[in-house]
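Good morning, colleagues. Please have the sequence and the model open, as I shall refer to individual residues throughout this talk.

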Amino acid sequence: MRKLELHWKILIGMVLGILFGFLMTGFDWGASFVGDWIQPLGTIFVKLLKLIAIPLIIASLVKGISDLKDISKFRNIGLRTIGIYIVTTVVAITIGLVLVNIVQPGNGISEETVTKLTDTYAGSEGVTKKMDEAMKQKGSGPLQFLVDMVPDNALKAMSDNGLMLQVIFFTIFLGISMLLIGEKRAKPLKDFFDSLNDVVLKMVDLIMLSAPYAVFALLAGVVVSSSDPDLLLALLKYSATVVVGLLLMIVFYGIVVGTVTKKNPFWFLKQMSPAQLLAFSTSSSAATLPVTMERVEEHIGVDKEVSSFVLPVGATINMDGTSLYQGVAAVFISQALGFDLTLGDQLTIVLTALLASIGSAAVPGAGMVMLVIVLEAIGFPADKLAIGLALIFAVDRPLDMCRTVVNVTGDATVSMVVAKSVGKLGKPKIKEWDDHYEEVK
């Protein structure tokens, strides 16, 4: 009997999770049952992925740099990565703005719906927390992101997944220093990191055995905690605009993969599907990073020299899906609340969303923090900011799930393009969790 592929198992888990969640909403005790007995399984799975994210980045990046033998190669990879990420982000924001100006979803929102959404969410803890965080980021200087990139305590940086850029900075510094002391002296440390890299990738394989059950638990939890269906329906046009924009970005990635790397776009999407489905379930690029790296290296054939740098950096600064959403959300809020935008304002949205994406946390909900910064940049009235966020808060979680899929797909696309440009895109070398099981059982 043919073994069912992982992405099909995960997809089945997702569908069953959604159906089970809807079934539980029909019982008074359903939400508490899912929260107490089902959702913890998904939470444990996400924590396991986050647990190995930092060790994987360190081991993989040190191995990648130490294998280069030539620092100039690393500089080429770095410059190309940042440049391509900027281009894809600008494309994403532009697609979002074009769509929202054509569809104009904000013009269909009634005063009654605006009032109901405001009453429901404007004073909620979620909205006020996002606004406070955005104000804190907005008050920092123009070079603060560079200051934040350099850790004053490497161990402290490694203890927080939100400080991924600091970990990357330290690891690059360590890897380059290993190159500079010579191959003979660096060999003991290199052997350690090579072995650690193999161990952590095996941990990814073991964790992924529980993925279908975990996404069942995660999506059941999302369904039972979803908002008022009437409010969701009122925001259907806005949500559809965002989703169509995100689908167009997937099409754009497929075109890039087909034209630049000469690989079949459908093959690429099939290989990335487990990472995409996990991104959808967890709403976190950081939590999905170990799986993204495993799929890109083993199933697509991107050399570790490239993937170990491009993917961790992408999980932090490349937010194509989130940036597209910000463009749509900013214009939607302006339309719904009667705030006219000029062409200059829309160009400001492009620039601000691009800058805000750099260094933003790769965790659920970071997009709304960035949205406040974008709205402030176009002069949106401060007294209406809470109302603006309240308008979209009801559908933020499902849209966050969708845009995280695009973020992860964008990271994988750029890693393929960079690998192709430096001759590091080879044949896939798939490893299974039980490759060496016979030796130890």
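Gln-104 sits in the loop between helix H3, residues 71–103, and helix H4, residues 111–121. The model is a predicted one, and in it Gln-104 has a positive phi of about 50 degrees although it is not a glycine. With a relative accessible area of 35%, Gln-104 is partly exposed.

A second residue invites the same kind of inspection. Ser-283 is not a glycine either, and its phi is positive at about 60 degrees. Ser-283 is placed in the loop between H13 and helix H14, the latter covering residues 285–300. Is Ser-283 buried or exposed? Its relative accessible area is 2%, and Ser-283 is therefore buried, the limit for that class being under 20%.

Let me return to helix H4, where Val-114 is located. Val-114 has a relative accessible area of 10% and is buried. Which residues is Val-114 in contact with, leaving aside its neighbours within four places in sequence? They are Ile-109, Leu-337, Ile-387 and Leu-391. For a sense of distance within the fold, Val-114 and Gly-17 are 97 residues apart along the chain, and their C-alpha atoms are separated by 32 Å.

I turn now to the charged side chains. As a general point, side chains of opposite charge can pair when their charged atoms come close. How many salt bridges does the structure hold? The count is ten, and I shall discuss three of them.

We may begin with the pair formed by Lys-270 and Glu-5, in which the closest N and O atoms are 3.7 Å apart. Lys-270 belongs to helix H13, residues 265–282, whereas Glu-5 is in the segment before helix H1, residues 6–24, so this salt bridge ties together parts that are 265 residues apart in sequence. Both partners count as partly exposed: Lys-270 has a relative accessibility of 39%, and Glu-5 has one of 29%.

The next pair is Asp-67 with Lys-63, a salt bridge whose closest N and O atoms are 3.3 Å apart. Here the two partners fall into separate classes. Asp-67, at 23% relative accessibility, counts as partly exposed, while Lys-63, with a relative accessible area of 18%, is buried. The boundary for a buried residue is under 20%, which is why Lys-63 at 18% is placed in that class.

The third pair is found in helix H9, residues 183–208, which contains both Asp-194 and Lys-190. These two residues are four positions apart, about one turn of the helix. Their side chains meet in a salt bridge with an N to O distance of 3.0 Å. Asp-194 and Lys-190 are both buried.

What links these last two pairs? Lys-63, Asp-67, Lys-190 and Asp-194 are joined in a network of salt bridges. Helix H9 also contains Asn-197, which counts as buried at 1% relative accessibility. Not counting residues up to four places away in sequence, Asn-197 touches Leu-56, Ala-59, Ser-60, Lys-63 and Lys-304. Lys-63 thus appears both in the salt-bridge network and among the residues that Asn-197 touches.

Let me now step back to the chain as a whole. How many helices and strands does the chain have? There are 21 helices and zero strands. The radius of gyration is 22 Å, close to the 22 Å that the globule rule gives for 441 residues, so the chain is as compact as a globular protein of that length. Along the principal axes, the C-alpha trace spans about 70 × 50 × 45 Å.

Buried residues make up 51% of the 441 residues. Of the contacts with a separation of 6 or more, 86% are between residues 24 or more positions apart. The chain exposes about 20,000 Å², and carbon and sulfur atoms supply 65% of that area.

Finally, the overall distribution of charge. The chain carries 36 positive and 39 negative charges, and the mean positions of the two sets are 10 Å apart.

To close, I would direct your attention once more to two places in the model. One is the network formed by Lys-63, Asp-67, Lys-190 and Asp-194. The other is the salt bridge between Lys-270 and Glu-5. Thank you for your attention.

Key
Residues are numbered from 1 along each chain as its sequence is written. This is a predicted model: local features need pLDDT of at least 70, side-chain atom pairs count only at pLDDT 80 or more; totals for chains, interfaces and linings use all residues. Side-chain values use heavy atoms; hydrogens and water are left out. The radius of gyration is taken over C-alpha atoms; the globule rule is 2.2 Å times the number of residues to the power 0.38. Buried means under 20% relative accessible area, exposed over 50%, partly exposed in between (1.4 Å probe, protein chains only). Contact means heavy atoms within 4.5 Å. Accessible areas come from the Shrake-Rupley method with a 1.4 Å probe; for residues, only the protein chains shown count as cover. Lys and Arg count as positive and Asp and Glu as negative; His and the chain ends are not counted. The place of a charge is taken as NZ of Lys, CZ of Arg, CG of Asp or CD of Glu. A salt bridge is a side-chain nitrogen of Lys or Arg within 4 Å of a carboxyl oxygen of Asp or Glu.
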